[in-house]
Amino acid sequence: MNLAVNLSWRFWSLLSAVILLAICLTHPTLPLKRPVFRYLFVIDITQSMNASDYHQAGLPADRLGFVKASIRQALDKLPCGSEVGLGLFTTRNSQVLFEPIEVCGHFPLIADVLDHIDWRMAWAADSHIARGVYTALRETAARGGDTRLVFFSDGQQFPPEPDFPPFDGKPGAISGLLVGVGGSLPVPIPRLDKENRPLGFWEYVDLRDYLPLSAMPKDGSSLYLSRLDEQALTRLSATTGLGYLRLETPESLTRALLARNLTTERIVAVDIRWMLASLALLLLLQRFQPQRVT
Amino acid sequence: MSLAFAQPWALLLGLLAVIPLFKRGQPTLAYSSLARLPEDPLSLWIDWSLRVLASLGLLLLALGIAEPYLREQWVEKIGTGAHIVLVVDRSSSMNENFSGTYLGGTAHETKSVLAAKLLAEFVDRRGQDFFAVVAFSAAPIYVLPLTQDHEAVRSAVLALGGRGHGITNIAPGLAMALAHFSAQPVTGSRIVLLVSDGAARMEPETADALRQQFQDHQASLYWIYLRNPKGGKLAEAPKNPNESTTPEYYLHQYFQSLGVPYQAFEADNTLALQEAITKVETLENHPLKYRQKLPRQDMSGICYGAALVCLLALLAGQILEVNT
């Protein structure tokens, strides 16, 4: 009697394993809500971003290069199903290169485009940072409410202006990050020709036609220096409602980009065959468990 | 052809496949005088085949859970498979409509929005082609390298509809477009599809260098010129020729001197633009051999199918078991 019960139990477990496997062949998926991210990365490509103030082994020293390397590392860590678009900022405007696309499936392409971002793509040379952030916010808003803006800049305004233009959006309507790039100590800005060959550094003499008289040095210093203008960026962060992060290591960017408050939920069709197959495997193993001698 | 696993750790589960070789999957029957029974080769054979089946079943399940797949692979196909670089004007004049009226920031009928929409449809219809995208105004912008990832191309082409900035400077845009070909073997037609609403003067040295590059890369050029209806036609010599007032006429002359297949299409309204794109499409429909990348193919289904066969055989054996 004991044996008969045992037998039927073995039969049913094998039958269930067979049924589970038969379901597997229909390629079942479950629509599951997954936390993912939808980012528009806008990168400042004005010439001050060529200044070198990062000193980390294996990473570029110039601001733009460091930003690119940091984004590349972060792309790798974003969960599949997340979407990323790239844009550029110079003068008063932000321009989108491509709409956000899924990061895992298009990774090589996104990485290649990121790699090619260059200060020479600038359509003009000025840097009106506040206007750049405002237009980037507009571009982000046009791409749907769950798109987050991540704006990379050293915050340097050129030519200097006494105050930011007024922000006509609603603070916090678009969430995201302002990422401050560069160091606190002023460094010279390399002057490069169209082939990226160094021509020295930018000097006040070269810029005197663009700078107001008040901005010219009185102490006779000649190099036009640049540092991370955190004051400007934190003020912009307060007016726009974007978070602020100082880019110190690529890891800090990755951590900030994976923050919970920036997630959005997407329904992703998850392949569940492996779960069914594992269950079938367990059921099959049951047959070989130690038996009581009857 | 190469095989890889999405979840290689699951292969460790395959070790479980040795269990049936040491343990019996059937309940034992108590029998008083086992030694008296003759050895039965058939029974032994059945016993071993059941064990092997179970072992194989476990192995195949582990393989399936490890998700084997064939890596992306290149296959040769006959089709159009052209390499097309889209060189699209993003200067500020592209924010206007065809009659030259400036439209505000959210306008839906600017030249750039129309061009982006029609180009996206063009890309959708050309499923076998490779596309690269260069945007240009004062400087060229590397938007996408030559790729068959049409979803990405579509996302880049749609982004071209955004607001443009800066002046029109065609030569560097064309140079960047041609550079996209240099890393690629010549496998089919190479096309530079220039979409712009204006032109600019070109330095003689730049013009010569560009001509050389067009010839080196054996690329054809199509120019979709988004013309202001009041503006001059490309083929008609302007009344008072001057390269700074009618640069498009001179650019057209220059393109004709490139020594590569060249055709210009003038469009001064949406319909004409659509027609121009359709014409480019019919021109580049010569079939040729090209290579296409096949996406990775999942192989776990085969493992599950094979495991199912093993389990069904086990189930049959189970049904035939002596029930006491």
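**Entry 1: helices H5 and H6 of chain B**

In this predicted model I began with helix H5 (residues 170-182) and helix H6 (residues 204-217) of chain B, whose axes lie 10 Å apart and enclose an angle of about 25°. Since angles under 35 degrees count as roughly parallel, that makes H5(B) roughly parallel to H6(B). I noted the crossing of H5(B) past H6(B) as left-handed.

I then listed the residues that meet there: H5(B) brings Ala171(B), Leu174(B), Ala175(B), Leu178(B), Phe181(B) and Ser182(B), while H6(B) brings Thr206(B), Leu210(B), Gln213(B), Phe214(B) and His217(B). Sorted by character, the residues of this contact are seven nonpolar and four polar, with no charged residue.

**Entry 2: helices H2 and H7 of chain A**

For a second helix pair I turned to chain A, where helix H2 (residues 63-77) packs on helix H7 (residues 250-257) at an angle of about 45°, the axes being 8 Å apart. H2(A) and H7(A) are therefore oblique to each other, and H2(A) passes H7(A) in a right-handed crossing.

From H2(A) the contact takes Ala69(A), Ser70(A), Gln73(A), Ala74(A) and Lys77(A), and from H7(A) it takes Pro250(A), Leu253(A), Thr254(A) and Leu257(A). I sorted the residues of this contact of H2(A) with H7(A) as well, and they come to five nonpolar, three polar and one charged.

**Entry 3: where chain B touches chain A**

Next I looked up the contact between the chains, in which 47 residues of chain B are in contact with 46 residues of chain A. On the side of chain B, the elements that give two or more residues are helix H1 (19-22), helix H2 (41-65), strand S6 (140-147), helix H4 (150-159) and helix H9 (300-319). Which element gives the largest share of that side? I found that it is H9(B), with 11 residues. The residues of the side of chain B that touches chain A divide into 28 nonpolar, 16 polar and three charged.

**Entry 4: a three-stranded sheet in chain B**

I followed an open sheet of three strands in chain B, which runs in the order S1-S2-S11 with antiparallel pairing. Strand S1 (3-5) and strand S11 (297-298) stand at the edges and have a single partner strand each, so one side of each is left without a neighbour in the sheet. Between S1(B) and strand S2 (residues 68-70) of chain B, which run antiparallel, I noted three bridges, and I marked Ala4(B) as standing opposite Tyr69(B) in S2(B).

**Entry 5: domains**

The domain assignment divides chain A into domain 1 (2-28 + 272-286) and domain 2 (32-189 + 224-268), and the centres of these two domains of chain A, taken over C-alpha atoms, are separated by 51 Å. For chain B, I recorded domain 1 as 3-71 + 296-319 and domain 2 as 75-293, with 61 Å between the centres of domain 1 and domain 2 of chain B, again over C-alpha atoms.

**Entry 6: backbone details in chain A**

Lastly I checked two backbone features in loops of chain A. The peptide bond from Phe158(A) to Pro159(A) is cis, with omega near -10°, and I placed Pro159(A) in the loop between strand S5 (148-153) and strand S6 (176-180) of chain A. Asn196(A), a residue other than glycine, has a positive phi, near 70°, and Asn196(A) lies in the loop between strand S8 (190-192) and strand S9 (198-201) of chain A.

Technical notes:
Residues are numbered from 1 along each chain as its sequence is written. Chains are lettered from A and ligands numbered from 1 in the order in which they are written. This is a predicted model: local features need pLDDT of at least 70, side-chain atom pairs count only at pLDDT 80 or more; totals for chains, interfaces and linings use all residues. Axes are lines fitted to C-alpha atoms, for helices over the stretch in contact, and angles run from 0 to 180 degrees between N-to-C directions. Helices (H or I, at least four residues) and strands (E, at least two) are DSSP runs, numbered from the N terminus. Angles under 35 degrees count as roughly parallel, over 145 as roughly antiparallel, 65 to 115 as roughly perpendicular and the rest as oblique. A crossing is left-handed if the near helix is turned anticlockwise from the far one by less than a right angle, and right-handed if clockwise. Two residues are in contact if their C-beta atoms, placed from the backbone, lie within 7 Å. Ala, Val, Leu, Ile, Met, Phe, Trp, Tyr, Cys and Pro count as nonpolar, Asp, Glu, Lys and Arg as charged, and the others, Gly among them, as polar. Two strands pair if DSSP finds at least two bridges between them. Domain bounds come from an automatic or database domain assignment.
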